[in-house]
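User: I would like to go through this model by question and answer, beginning with its charged contacts. Please give the reasoning before each result.

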Amino acid sequence: MNILNMMKQAQELQGKIKVMQEELAALTLEGKSGGGMVVVQLSGKGEMQSLRIDPSLLKADEVEILEDLIVAAYQDARIKVDAASSERMQVATAGLPIPPGLKLF
C-alpha cells in the first residue's frame, strides 16, 4: 500500500468519524431502573439531559434506595451510549486496517 492511498483512507476515516460524532451528539438514549420508576436520558456524548423520578420514591427513609436507582438508571443509559458509539464506529471504519483496541475518539 502506498503512502498516498493511506493518506486518502485517513482523510475518509476522519470525515466518517466527524459524521459519526455529529450523529451521536444528536442521539438521546434512555436508561431505566426500578421498573421505570427512575429514568435517565443521556446524549450520545454521555451528557445527562434529564432525570425523572417517580414521586412514590421520594421518602426520607428511602434515600439510599433512590440513590441506587439513579446510579443504576445512569449506568443503563451509559451502556446504551457506549453500544451506539461502538456500533457507529464499526460502520465508519469498515474495511480499514485499524489495530484492535485503538480508540479513535
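Analyst: The model is a predicted one. A salt bridge joins Arg88 and Glu23, and their closest N and O atoms are 3.6 Å apart. The pair links distant parts of the chain, with Arg88 in helix α2 and Glu23 in helix α1, 65 residues apart.

User: Is Arg88 buried or exposed, or does it fall in between?

Analyst: Buried requires under 20% relative accessible area and exposed requires over 50%. Arg88 has a relative accessible area of 24%, so the residue is partly exposed.

User: And how is its partner Glu23 classed?

Analyst: The relative accessibility of Glu23 is 42%. Because exposed begins over 50% and buried lies under 20%, Glu23 counts as partly exposed.

User: Which strands does the salt bridge between Glu30 and Arg52 link?

Analyst: The side chains of Glu30 and Arg52 meet at 3.7 Å, N to O. The two residues are 22 apart and belong to distant parts of the chain. Glu30 is partly exposed at 26% relative accessibility, and Arg52 is partly exposed at 45%. Glu30 lies in β1 and Arg52 in β3, so the linked strands are β1 and β3.

User: What separation in residues do Lys80 and Asp76 have, and which network is formed by salt bridges that share partners?

Analyst: Lys80 and Asp76 form a salt bridge at 3.5 Å, N to O. Lys80 is partly exposed at 37% relative accessibility, and Asp76 is partly exposed with a relative accessible area of 24%. Both lie in helix α2, about one turn of the helix apart, and the separation is four residues. The network made by shared partners consists of Glu30, Lys32 and Arg52.

User: How many salt bridges are there by this rule?

Analyst: The rule asks for a side-chain nitrogen of Lys or Arg within 4 Å of a carboxyl oxygen of Asp or Glu. The pair Arg88 and Glu23, at 3.6 Å, is one of those counted. The count comes to five.

User: Which residues make up the covered face of β1?

Analyst: In a regular strand the side chains alternate between the two faces of the sheet. In β1, Thr28, Glu30 and Lys32 lie on the uncovered face. The covered face is Leu29, Gly31 and Ser33.

User: In which sense do β1 and β2 pair, and which residue of β2 is the bridge partner of Lys32?

Analyst: β1 and β2 form a hairpin with four residues between them, and Gly34 in the turn has a positive phi of about 60 degrees. The strands pair over six bridges in the antiparallel sense. The bridge partner of Lys32 in β2 is Val39.

User: What are the end C-alpha atoms of α2 apart, and why does that agree with the expected span?

Analyst: Helix α2 covers residues 63-92, which is 30 residues. At 1.5 Å a residue the helix should span 44 Å, so the distance between its end C-alpha atoms agrees, at 43 Å.

User: Against which elements do the buried residues of α2 pack?

Analyst: The buried residues of α2 include Leu66, Leu69, Val81 and Met89. Ser85 is also among them. The elements they pack against are α1, β1, β2 and β3.

User: Which residues make the nonpolar surface patch?

Analyst: Ile3 is placed in helix α1, residues 3-26. Ile3 counts as exposed, at 56% relative accessibility. The patch has an area of about 440 Å², and its residues are Ile3, Leu4, Met6 and Met7.

Technical notes: Residues are numbered from 1 along each chain as its sequence is written. This is a predicted model: local features need pLDDT of at least 70, side-chain atom pairs count only at pLDDT 80 or more; totals for chains, interfaces and linings use all residues. Side-chain values use heavy atoms; hydrogens and water are left out. Patches are made of residues with over 30% relative accessible area and no salt bridge: like charges are joined within 9 Å, nonpolar side chains (Val, Leu, Ile, Met, Phe, Trp, Tyr) within 5 Å. Accessible areas come from the Shrake-Rupley method with a 1.4 Å probe; for residues, only the protein chains shown count as cover. Buried means under 20% relative accessible area, exposed over 50%, partly exposed in between (1.4 Å probe, protein chains only). The expected span of a helix is 1.5 Å times one less than its number of residues. Contact means heavy atoms within 4.5 Å. Two strands pair if DSSP finds at least two bridges between them.
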